[in-house]
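Okay everyone, thanks for coming. Let me put the structure up on the screen, and then we'll walk through it together.

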Amino acid sequence: MNFDTAIAADIIAAADFLKSGEIVAIPTETVYGLAGNGLDKNVVLKIFNAKNRPHFDPLILHINSIDALNLYTKHIPEIAVKLAQKFWPGPLTLLLPKKDIVPDLVTSGLDTVAVRVPNHPLALQLLALLDFPLAAPSANPFGYISPTTAQHVYAQLQGKIPYILDGGPCGVGVESTIVGFENDKVIVYRLGGISIEDIEAVTGPVQARISSSNPTAPGMLKSHYAPKKPLITGNVNALLNMFSDRKTGVITFCKPATGATEQIQLSPTADLNEAAKNLFAAMRYLDNSNVDIILADIFPETGLGRAINDRLKRAAAEE
Ligand code: TXA
Ligand code: MG
């Protein structure tokens, strides 16, 4: 299907497309999502097709309040309710046993479904106009960097979708943290916008199961979030020496580097939340610039620094 893709902030227009079974890009606080009726498997199929996403990679259902959780999930552990009460709306996704109403295509045949309440006013207002949840993966072609502005979405999905709901740049900038439960034990499957420290303050110690290649959760595939240009992480000054004969694009946390062709400091004031917010736009900018290679700092392994390092490592992975 070839659409004349519109970008605007009209939730009624977006809702009309969604009600008629089309898919629409929506803003969330983490990244833009490619959204459709999560209860209609034909619509969900459109999402997979627009993204070239393999069917074994399950989607997240977006709802607008904790009250809707019961409609789509069952056997909700008390600790999950506690986490939802603390962090929703917000960048936390919970994996819970699914009810039959959720199509198997959404969960790639798994018996758990991923659910979250996004913290973006337009997404929440839009959901309030709908009587179904929105299945939405990040609105990028499979494997590429997630979009954090409406323009990022347009650059890659124009023609494939009718509407991009423009909610401005995403405030968090990395995807949600994904958490599951095993006999009330809390397991973190993807590092994201809520830090491990903040989760542990609610639950006590969690187990991190951040695998580099887990076939049931390809968002955790080693090579993901990847620019087209090679990206190398490490000590940026040492890397700049190694690649002094190349046009280099550098991503640092807060300090300037010398000798780079292009460079972006993600947070001159050394704020990891600000760095996370700017990360994907920086990767995209350098990928579209005239540099041959992207060099990135390793960030402090604390707070959102962990999610930043995770995304950079996956962007750097070859396969
Ligand atoms: O912040 C976010 O989570 C964004 C915004 C749009 O909400 N969405 C997002 O979706 O990052 P996506 O599809 O790019 O990543 C979802 C991840 C995938 O890695 C998928 O494998 C995992 O969630 N996932 C979904 N359902 C799962 C399940 N039942 N079990 C394990 N992993 C699951
Ligand atoms: Mg994604």
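So, which residues does T248 touch, if we skip its neighbours within four places in sequence? The list is L240, F243, G259, A260, T261, E262, V291, I293 and L295. T248 sits in strand β13, which covers residues 248-252. Is T248 buried or exposed? It's buried, because its relative accessible area is 2%, and buried means under 20%. Oh, and before I go on: what you're looking at is a predicted model.

Let's zoom out for a minute. How many helices and strands does the protein have? There are eleven helices and 15 strands. The radius of gyration is 19 Å, close to the 20 Å that the globule rule gives for 319 residues, so this protein is as compact as a globular protein of that length. If you draw a box around the C-alpha atoms along the principal axes, you get roughly 55 × 50 × 35 Å. Of the 319 residues, 55% count as buried. Now take the contacts between residues at least 6 apart in sequence: 67% of them join residues at least 24 apart.

What about the outside? The accessible surface is about 13,200 Å², and 51% of that belongs to carbon and sulfur atoms. As for charges, the protein has 27 positive and 31 negative ones, and their mean positions are 3 Å apart.

Now the inside. The largest nonpolar core has 75 residues, and the ones touching the most other members are L83, W88, L92, L94, V179, F181 and M283. Which helix gives the most to this core? That's helix α10, residues 272-287, with eight residues. There's also a second, separate core of 16 residues, and among its members are L122, F132, Y163 and L165. Back in the big one, have a look at L83: beyond four places in sequence, its contacts are W88, L92, L94, V179, F181, I199, V202 and T203.

While we're at W88, click on the peptide bond from W88 to P89. That bond is cis, with omega near -10 degrees. P89 is in the loop between α4 (78-87) and β5 (92-97).

Two other backbone spots are worth a click. N52 isn't a glycine, and still its phi is positive, about 55 degrees. You'll find N52 in the loop between α2 (41-51) and β4 (60-62). Because its relative accessible area is 56%, N52 is exposed. Then there's S108, not a glycine either, with a positive phi of about 50 degrees. S108 lies in the loop between α5 (104-107) and β6 (112-116). How does S108 count, then? At 24% relative accessibility S108 is partly exposed, because that label goes to values between the 20% limit for buried and the 50% limit for exposed.

Okay, three more residues, and for each of them we'll ask who's around. Start with I26, in strand β2, residues 24-26. I26 counts as buried because its relative accessibility is 1%. Leaving out neighbours within four places, I26 is in contact with V31, Y32, G33, A35, L126, L134 and L165. L165, by the way, is one of the residues in that second core. The C-alpha atoms of I26 and A14 are 8.6 Å apart, with their positions twelve residues apart along the chain.

Next up is Y72, in helix α3, residues 69-72. Y72 is buried too, with a relative accessible area of 6%. What does Y72 touch beyond four places in sequence? Its contacts are L39, L61, I63, P97, K98, K99, I101, V102, V113, F132 and P133. Try finding V113 on the screen: it is 41 residues from Y72 along the chain, and the two C-alpha atoms are separated by 8.2 Å. F132, also on that contact list, belongs to the second core.

Last one: I196, in helix α8, residues 196-203. I196 counts as buried at 13% relative accessibility. Its contacts, again not counting residues up to four places away, are V188, L191, V206 and R306. I196 and V206 are ten residues apart in sequence, and 7.9 Å apart from C-alpha to C-alpha.

That's my tour, so go ahead and spin the model around yourselves.

Note on methods
Residues are numbered from 1 along each chain as its sequence is written. Chains are lettered from A and ligands numbered from 1 in the order in which they are written. This is a predicted model: local features need pLDDT of at least 70, side-chain atom pairs count only at pLDDT 80 or more; totals for chains, interfaces and linings use all residues. Side-chain values use heavy atoms; hydrogens and water are left out. Helices (H or I, at least four residues) and strands (E, at least two) are DSSP runs, numbered from the N terminus. Buried means under 20% relative accessible area, exposed over 50%, partly exposed in between (1.4 Å probe, protein chains only). Contact means heavy atoms within 4.5 Å. The radius of gyration is taken over C-alpha atoms; the globule rule is 2.2 Å times the number of residues to the power 0.38. Accessible areas come from the Shrake-Rupley method with a 1.4 Å probe; for residues, only the protein chains shown count as cover. Lys and Arg count as positive and Asp and Glu as negative; His and the chain ends are not counted. The place of a charge is taken as NZ of Lys, CZ of Arg, CG of Asp or CD of Glu. A nonpolar core is a set of buried Ala, Val, Leu, Ile, Met, Phe, Trp, Tyr and Cys residues joined through side-chain atoms within 4.5 Å.
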